[in-house]
Amino acid sequence: MVTQILGIGTAVPPARLAQTRTRDFFAAQPGVDRLSARLISAAFDQSAIDTRYSVIGGLDSQAGAAVASDVFTEDGERLLTPSTGDRNLVYRREAPPLSAAAARDALQRAGVAAADVTHVITASCTGFFAPGPDYLLVRELGIPTSAERTHIGFMGCAAAFPALRAAARIGAAQPGSVVLVVCTELCSLHIRSSNDPEQIVASAVFGDGSAAAVVASDPMPARAAAPALEVGEFSTALTSEGEEDMDWTIGDRGFEMRLTANVPRIIGREIASVVAPMLERDGAGVADIDAWAVHPGGRSVLDRVESGLDLPERAMRESRDVLREYGNMSSATILFILQRILDDASLPDGAAVAGLCFGPGLTVETARFTRVTAGAALAAPEESDAARAAGVPVAAAASAPATNSLSHGVA
């Protein structure tokens with residue numbers, strides 16, 4: 001049974017945060033001591049991130065209108081500490097339109113009507129409510145109310161691959177299925193001012209975004225000829241240590257991320273032993289992979305994967321570009337990277353694609369894809385009506401960052 005990703009769509013919030021000015025904002029918070037100010041400068045400056053996007057708006061008085069300034073800052077200068085409930089209310093308000101914008105973009109790129117969707121899978125670890133985003137997508141997009149829905153919650157940055165794996169298995173079990181997968185993360189809802197080095201790192205790397213994929217199995221829906229990603233094998237591995245180095249808990253003042261300096265070292269040490277079985281199933285080696293989609297948990301994670309697998313610098317281009325332009329958007333990030341690979345006309349027909357995601361635990365999720373070029377790539381779609389109405393820009397495809405006229409905030 002052949003299962004393919006027919007299209008990937010992305011969306012980001014309007015507020016665009018420049019890393020340098022966001023750095024200065026955090027360093028200027030009351031209670032930040034001299035040592036922490038130096039740590040903030042180092043974490044932000046060495047992140048390899050230029051910009052991120054946030055639903056809470058600009059983080060200083062020069063940023064312009066902020067979506068949730070009343071919750072996170074009174075004067076645009078001092079960061080407040082809202083309760084988890086107040087943060088989740090912002091998630092409840094902002095996650096649905098962002099999810100819908102990414103889903104519409106994916107459906108348009110795939111050339112598939114919402115009425116053809118048979119299953120909806122959503123993933124998120126940054127907020128909760130019920131009926132959830134899966135339910136609202138059915139209502140908002142006009143998906144048949146008989147569509148089966150699944151939500152994958154709190155699996156962290158690696159959740160997109162379990163979501164795609166579930167979609168592929170649905171396709172194999174129910175031929176002709178069309179599964180809409182949507183990953184939406186509003187990481188900035190959980191920012192806080194802190195002298196804790198791990199919280200400082202979290203404040204320096206995480207951003208907000210949504211990405212969606214349309215996954216279909218034979219017989220495929222009628223559509224214009226366009227590139228697709230044929231879905232291959234998935235695998236899951238746990239590293240020998242790391243359970244206490246990356247975790248995500250719910251506190252009274254938001255979700256608390258622990259991300260220690262050991263994470264890149266553990267990944268770098270063990271990545272080769274994780275990747276080898278994934279490649280050997282197809283009788284392949286690292287040199288046989290034409291494109292790599294590696295979750296950019298941070299610059300150091302990408303550096304360790306590159307050195308641990310002895311990859312050429314070119315292999316990390318898409319991952320580093322997405323990190324630079326958007327930061328780490330948790331589960332949505334890998335789909336931003338796969339979208340660029342899908343849109344890359346320079347890749348040969350039958351290009352082999354390998355994907356790596358990292359989640360709490362440490363968990364390593366892997367995936368194999370084949371880029372099939374059934375025809376010329378479709379032009380990037382214009383912004384959807386829903387995105388425009390919500391003030392949400394659809395992220396530009398391939399090489400251009402999402403800096404259209406609807407993006408505002410710190411520039």
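The following exchange between a trainee and a mentor concerns a predicted model.

Trainee: What makes phenylalanine 128 and phenylalanine 154 an aromatic pair, and why is the pair called tilted?

Mentor: Their ring centres are 5.6 Å apart and their planes meet at 35°. Centres within 6.5 Å make a pair, and an angle that is neither under 30 degrees nor over 60 is classed as tilted. The pair is therefore a tilted one. The structure holds 11 aromatic pairs.

Trainee: Which parts of the chain does this pair link?

Mentor: Phenylalanine 128 lies in the loop between β4 and α5, and phenylalanine 154 in the loop between β5 and α6, 26 residues apart.

Trainee: Why is phenylalanine 128 called partly exposed?

Mentor: Its relative accessibility is 36%. Buried requires under 20% and exposed over 50%, so a value in between counts as partly exposed. Phenylalanine 154, at 27%, is partly exposed as well.

Trainee: What makes the pair of phenylalanine 128 and phenylalanine 255 tilted?

Mentor: The centres are 6.2 Å apart and the planes are at 50°, and the limits are 6.5 Å for a pair and 30 and 60 degrees for the tilted class. Phenylalanine 255 belongs to strand β10, so this pair ties together parts that are 127 residues apart in sequence. Phenylalanine 255 has a relative accessible area of 3% and is therefore buried. Elsewhere, ring pairs link Phe25, Phe26 and Phe44 into a cluster.

Trainee: What makes arginine 92 a charge over the face of phenylalanine 129?

Mentor: Arginine 92 is 4.4 Å from the ring centre, against a limit of 6 Å, with a further limit of 35 degrees from the ring normal. Arginine 92 is accordingly described as lying over the face of the ring.

Trainee: How do you know that the buried residues of α5 line one face of the helix?

Mentor: The buried residues of α5 are Pro133, Asp134, Leu137, Val138 and Leu141. Seen down the helix axis, they fall within an arc of 145°, so they line one face. An α-helix has 3.6 residues a turn, so residues three or four places apart point the same way. The buried residues of α5 pack against α4, β4, β5 and β6. Glycine 142, with a positive phi near 80°, follows the helix.

Trainee: Why is cysteine 157 called buried, and what does the record say of this residue?

Mentor: Its relative accessible area is 8%, and the cut-off for buried is under 20%, so the term applies. The UniProt annotation "active site", from an unreviewed entry, covers Cys157. Such annotations may be inferred rather than shown by experiment. Cysteine 157 is found in the loop between β5 and α6. Setting aside residues up to four places away in sequence, cysteine 157 touches Phe206, His295, Asn328, Ser330, Ser331, Cys357 and Phe358.

Trainee: What makes serine 330 notable in its backbone, and is serine 330 buried or exposed?

Mentor: Serine 330 has a positive phi of about 55° although it is not a glycine. Most residues other than glycine have a negative phi, and most peptide bonds are trans. Serine 330 lies in the loop between α10 and α11 and, at 2% relative accessibility, counts as buried. Alanine 48 also has a positive phi, near 60°, but at 36% relative accessibility alanine 48 counts as partly exposed.

Trainee: Which peptide bonds are called cis, and what are their omega values?

Mentor: The bond joining alanine 130 and proline 131 is cis, with omega about -5°, and proline 131 lies in the loop between β4 and α5. The bond from aspartate 218 to proline 219 is also cis, with omega near -5°, and proline 219 lies in the loop between β7 and β8.

Trainee: Which residues have the most contacts inside the largest nonpolar core?

Mentor: They are Trp292 and Val305, in a core of 84 residues. The largest share, 11 residues, comes from α4. Beyond its neighbours within four places in sequence, valine 305 is in contact with residues including Ile267, Val294, Met316 and Phe358.

Trainee: Why is methionine 316 called buried?

Mentor: Its relative accessible area is 0%, and anything under 20% qualifies, so methionine 316 is buried. Methionine 316 and valine 294 are 22 residues apart in sequence and 7.4 Å apart in space, C-alpha to C-alpha.

Notes. Residues numbered from 1 in each chain as written. Predicted model: local features only at pLDDT ≥ 70, side-chain atom pairs only at ≥ 80, totals over all residues. Heavy atoms only, no water. Phe/Tyr/Trp six-rings, centres within 6.5 Å; stacked < 30°, edge-to-face > 60°. Helix = DSSP H or I, 4+ residues; strand = E, 2+ residues; numbered from the N terminus. Buried < 20%, exposed > 50% of the residue type's maximum accessible area, 1.4 Å probe, protein only. Arc of directions from axis to C-beta. Contact = heavy atoms within 4.5 Å. Core = buried A, V, L, I, M, F, W, Y, C linked by side-chain atoms within 4.5 Å.
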